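Please open the model in your viewer and keep the sequence panel beside it, since each stop below begins with something to select.

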Amino acid sequence: MIDVKFLPEKLRKAQVIVVIDVLRATTTMVTAIANGCKYIKPVETLEKARKFKGEFLICGERDGIKPRDFDCGNSPLEYTNVKGEKLILTTTNGTKTLKKVEKLSNNIILGAFVNFTATLNFLQNFSDILFVCAGNNGEISFEDIQVAGAFVHGLSNKMLSDSALVSMYMWEGLKKPNFFGVHAKKLKSLHFDKDLDFAKKLDLYDIVVEYKYGKVKAR
Ligand code: MLT
């Protein structure tokens, strides 16, 4: 079954789980890995992240903003020069969702538009795929569901759940990324317009990115 959770709740085991937080955590992580970052260790809290200071670059956001003592925030544009680096990342929804699903599948994949086709090609090999949208502080995210819908559209020869159908028809109505949900508006108000443009870009990278044994890395 191809299934979509609009929020990271009532989760189940699946052959593959695809975590989506297109604005911005999964876009940022895919970008960092594509630019040669060794791996990313997602953690839930700022305090946990700070414990790794010195050994890792300490990265993330709260309320969209980089904590003052962190090395980098959560803008994908900050991760073009990270070759050989190891990152700790903590974000409001995205990294928490990765931690939530970590015991539910042997194949946990990050979903974004920037490496869309590479990921879709990988997913064609499976019949039981659960897309988990990170959402926005417990509310659904218009942008995450678009990414899920775009994937479902490419997998529509398989058995689809009702939530997969809803996502797919929403995507087919839009036909291209349209970022004007609540979180997109908030990022705009924080002057992250360039992050929105970047996260909409299709297939900048030809990699599949996975989360395994506590690390995000290229598959
Ligand atoms: C999150 O994890 O909630 C987001 O990536 C927030 C953000 O846009 O920085």
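The tour goes from the whole chain to one helix and then to the ligand.

Begin with everything selected, bearing in mind that this is a predicted model. In cartoon view, the protein shows 8 helices and 9 strands. Its radius of gyration is 16 Å, close to the 17 Å that the globule rule gives for 219 residues, so the protein is as compact as a globular protein of that length. If you reduce the display to the C-alpha trace and turn it along the principal axes, the trace spans about 50 × 35 × 30 Å. Colouring by burial would mark 47% of the 219 residues as buried, and if you draw the contacts between residues at least 6 apart in sequence, 79% of them join residues at least 24 apart.

Next, select residues 25–34, which form helix 1. Is this helix mostly covered or mostly open? It is mostly covered, with 10 of its 10 residues buried; among them are Met29, Val30 and Ile33, together with the threonines Thr26, Thr27, Thr28 and Thr31. Step on to Gly36, just after helix 1, where the backbone takes a positive phi of about 95 degrees.

Finally, select the ligand and display the residues around it. Which residues make up this shell? They are Asp21, Leu23, Arg24, Ala25, Glu61, Gly64, Asn74, Thr91, Thr92, Asn93, Gly94 and Leu187, and by class the shell has 3 nonpolar, 6 polar and 3 charged residues. Ala25 links the last two stops, being a buried residue of helix 1 and also one of the residues around the ligand.

Key. Residues numbered from 1 in each chain as written. Predicted model: local features only at pLDDT ≥ 70, side-chain atom pairs only at ≥ 80, totals over all residues. Buried ≥ 20, exposed ≤ 12 C-beta atoms within 10 Å, placed from the backbone. Helix = DSSP H or I, 4+ residues; strand = E, 2+ residues; numbered from the N terminus. Rg over C-alpha atoms; globule rule 2.2 N^0.38 Å. Contact = placed C-beta atoms within 7 Å. Near = placed C-beta within 6 Å. Nonpolar A, V, L, I, M, F, W, Y, C, P; charged D, E, K, R; others polar.
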